[in-house]
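This briefing covers charged side chains: their pairing and their place on the surface. Please read it alongside the sequence and the predicted model.

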Amino acid sequence: MLQSPFPLRISIGLFVITLLMPLSAVRANIVDIGVLNLRHTEADKAFWAKTAQWLSKEIPSHQFVIKPMGPECLTHAINKQQLDFAITNPSQIVALEKTEDVHPIATLQTRYETRPYSHFGAALITRADRNDLKRLSDLKGQSVMAVSPSEFGGYQMIWRELQLAGIAPKKDFFNLLFTNGSQEAIIRAIINEEADIGIIRSGLIESLLDQNQLPANQIKVIHPQHTGPYPLLHSSILYPEWSMIRLAHTDIALARQVSRTLQAMPKSTAPGTYNPHYGWTRAEDFTTVHGLLRALKLPPYEPSKQISLKAILQEHGLAVGLIVVLILMLSAFSARMSRINRKLAVSQSELAKHRDNLEKEVAERTVELSQVNQALEQDIEAREKAEDTLRRSRAALQGVYEISVDTRLPQSEKLLRLIQLARRHFRMDAAFLYKLPDGPHPALSLCVSDGDMPEESKLKQCLESHLSEFKSQAILQFSDTPCAGQVVTFTVQVNGQPHCVLVFVGQNIAQWQLTEVDEELLRLITQWIGSSIERQDIETEHDKYRTQLGKVTRLFTVGEMASGLAHEINQPLTAATNYISGSLRRLDDSQPSHLKTGLTRSLESLDRATNIIRRLREFVQTGARRQEAFQLNATLKRVLSLLDSEAKQHAVTLIPPSLQGDVCVVGDPVQIEQVLLNLIRNAIDACDESGCVSVDIHPQTDTARILVSDTGPGIPEKELPHVFDAFHSSKSDGMGLGLAICRSIVEAHHGQLHVCNTHEGAQFMFELPLCEAGKAHKNTSEENA
């Protein structure tokens, strides 16, 4: 709100703030919030500080600072754009809306008992024993006390009520006193009978009663109003509380963020029935404030003053006299200047000659400057071109690095992306990678292509006619049709020999000029392609050796299992012999039923021996690695059946998975069977008599987890880091290749083989990817569960 003229010390303070404000604006992360300072209490200051701390915490990119100011200082700081936000009363907000284009973003909340409120009013108070004062009409001829005529939350609200009741304060009151002090002092003056009636804001009586600073039943309210659920004593209509406003130059996005943050600010939990600083809510409507100021003809609705000559002479007589004297002096000065002008006319002709000479010199100098400017423009253009080349090359190098270090991409995908990157960098229409012929037939084979070229076959014929030129790593361009002006090639070497040719196709290759940086980038790309091809050849050879080594290991395993398998095969063969002998003896008895039973059991025993031999043959067979879907339970069942005899010889119990139903996984069933066989055999060897080896299958989201556990002594801690090393074995007669091959097979299936010691023994774990049927089965099982 507005106050009376401020004293000299406030003027000095305003001057100092004006000087210091530009310095604070340099700190881009500081947000200044001006607060109208009208005799604020410590509780008011604490709430403003809490508001700034909350905003600084929730919006860490800015530091919010509260700056208490008087009315004139606040208006001046807003005019000079030295603040970002302001907190003030409704009347000043309406005035600033007309002059500074401000916008409210949040309104203060108070609390009475458990309900919040964002409006307030004014109250007419008197002593409780004044029974003659009940209505507004009773105020005529009384002594009335208020803080200030410019006080919105008090005198101006009551003034509007008196106007509606037909009462003129200056005319109808016996005395109208303005204390320019606190409203608490007005209450004390009423109790001490220093005035008949006092004007205060709503909520003050409840606050003093809550703090035991006002005796009960000593004050009453004249012309009490009952506005909806509003519980505080008041004599006027209600108006919006103080609000925070966004200034015209403040960033709108920041203002919206501040508005949301203020509304999310934790409400005050201060004790007491009435809390004047409960929190913040959305901005309220100021229509009622506009109506009050318009009715009272207060800013910004004050009437314009009529200006008359008589009033000007009465108020500014001395100034008018000085102006008349000044006009006379100017007239005399003009006469003298006319004489001087005539003398200057003579000098103008001489100046014209000098001007012509100067224009000639300027024209010559302009030509020189134009030449210099043209040279500078050429230099700038060359610099910009060089900077563009460096920027594009840096982006291309970054792309090469990201592609090369991305472990998730297969080599073929990396190769395709690298060629796409090169084509875009050199602005070509298409790019191809052809493998040079190995034999006598001069035919290129397409490895990778990117872009669009309808006549790729003609391009291939053109390149095949120049095969002899691809022996060097030089950049080649061709002049014959259809390659003329459209094709450029670069040879890729593998192991020091030409292996592939990288071809770029474009319409503007004839004008294409490679910079030194581009040449180095092209060499880097071709070297990476050559290294990638070498790596693929090495991996192919590695897979071949691993397959052969796996066969050797399986044969070694079969050799270790020979005695148990011989016993396993001997049992059904012996049984078949006995059944056949018995059947021959019964031929003389002429009992067909006994013969049928004996022959049937003989056939079953022979089938059992045949199945054992077939499983053994399937285990030792070799071939190319297969990637197919298979039932993990069936594979595990075959392995357990194959190892049943060996487990019985060691007095070890094999515990199959508790999981019911089939689990479909993707991989090479022969290699997975080898992994399971090696792990279970190692577990059997690690167990003492009466030990147990358990195998569990746990379906996960996309994989099936296989656990092989034993009840043996476990693996010594010092051996754990080396159990998967090649040729490392704890057995005196072991090859040390079993677990190394198991790990290699699991990693080839994109998994990891892990080992750890449990409280019972050792445990090996690995995962295999589920097939689509396995995933669907797992989801169905989970839904049923």
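**Salt bridges and surface charge**

The count comes to 13 salt bridges, taking a Lys or Arg side-chain nitrogen within 4 Å of an Asp or Glu carboxyl oxygen. The structure is a predicted model. Three of the pairs are described below, followed by a network and a charged patch.

**Pair K67–D32**

- K67 and D32 form a salt bridge in which the closest N and O atoms are 3.6 Å apart.
- K67 belongs to strand β2 (residues 63–69) and D32 to strand β1 (residues 30–36), so the salt bridge ties together parts that lie 35 residues apart in sequence.
- D32 counts as buried because its relative accessibility is 4%, against a cut-off of under 20%.

**Pair E193–R127 and its network**

- A salt bridge joins the side chains of E193 and R127, with an N to O distance of 3.5 Å.
- This pair links distant parts of the chain, 66 residues apart: E193 sits in the loop between α7 (183–191) and β10 (197–201), while R127 is in strand β7 (residues 122–127).
- E193 has a relative accessible area of 58% and is therefore exposed, the cut-off being over 50%.
- R127 has a relative accessible area of 21% and is partly exposed, because its value falls between the limits for buried (under 20%) and exposed (over 50%).
- D129 also takes part here: R127, D129 and E193 are linked in a network of salt bridges.

**Pair E673–R638**

- E673 and R638 form a salt bridge, and their closest N and O atoms are 3.6 Å apart.
- The two residues come from distant parts of the chain, 35 residues apart, with E673 in helix α18 (residues 669–686) and R638 in helix α17 (residues 632–649).
- E673 is buried, its relative accessible area being 9%.
- R638 is partly exposed, at a relative accessible area of 30%.

**Positive surface patch**

- R336, R339, R342 and K343 form a positive surface patch.
- Patch members must have over 30% relative accessible area and no salt bridge, so R336, R339, R342 and K343 stand outside the salt bridges counted above.
- One of the patch residues, R342, is placed in helix α11 (residues 309–405).
- Is R342 buried or exposed? R342 counts as exposed, because its relative accessibility of 54% is over the 50% cut-off.

Conventions:
Residues numbered from 1 in each chain as written. Predicted model: local features only at pLDDT ≥ 70, side-chain atom pairs only at ≥ 80, totals over all residues. Heavy atoms only, no water. Helix = DSSP H or I, 4+ residues; strand = E, 2+ residues; numbered from the N terminus. Buried < 20%, exposed > 50% of the residue type's maximum accessible area, 1.4 Å probe, protein only. Patch = residues over 30% accessible without salt bridge, like charges linked within 9 Å, V, L, I, M, F, W, Y side chains within 5 Å. Areas by Shrake-Rupley, 256 points an atom, 1.4 Å probe, with all protein chains shown as cover. Lys, Arg positive; Asp, Glu negative; His and termini not counted. Charge placed at Lys NZ, Arg CZ, Asp CG, Glu CD.
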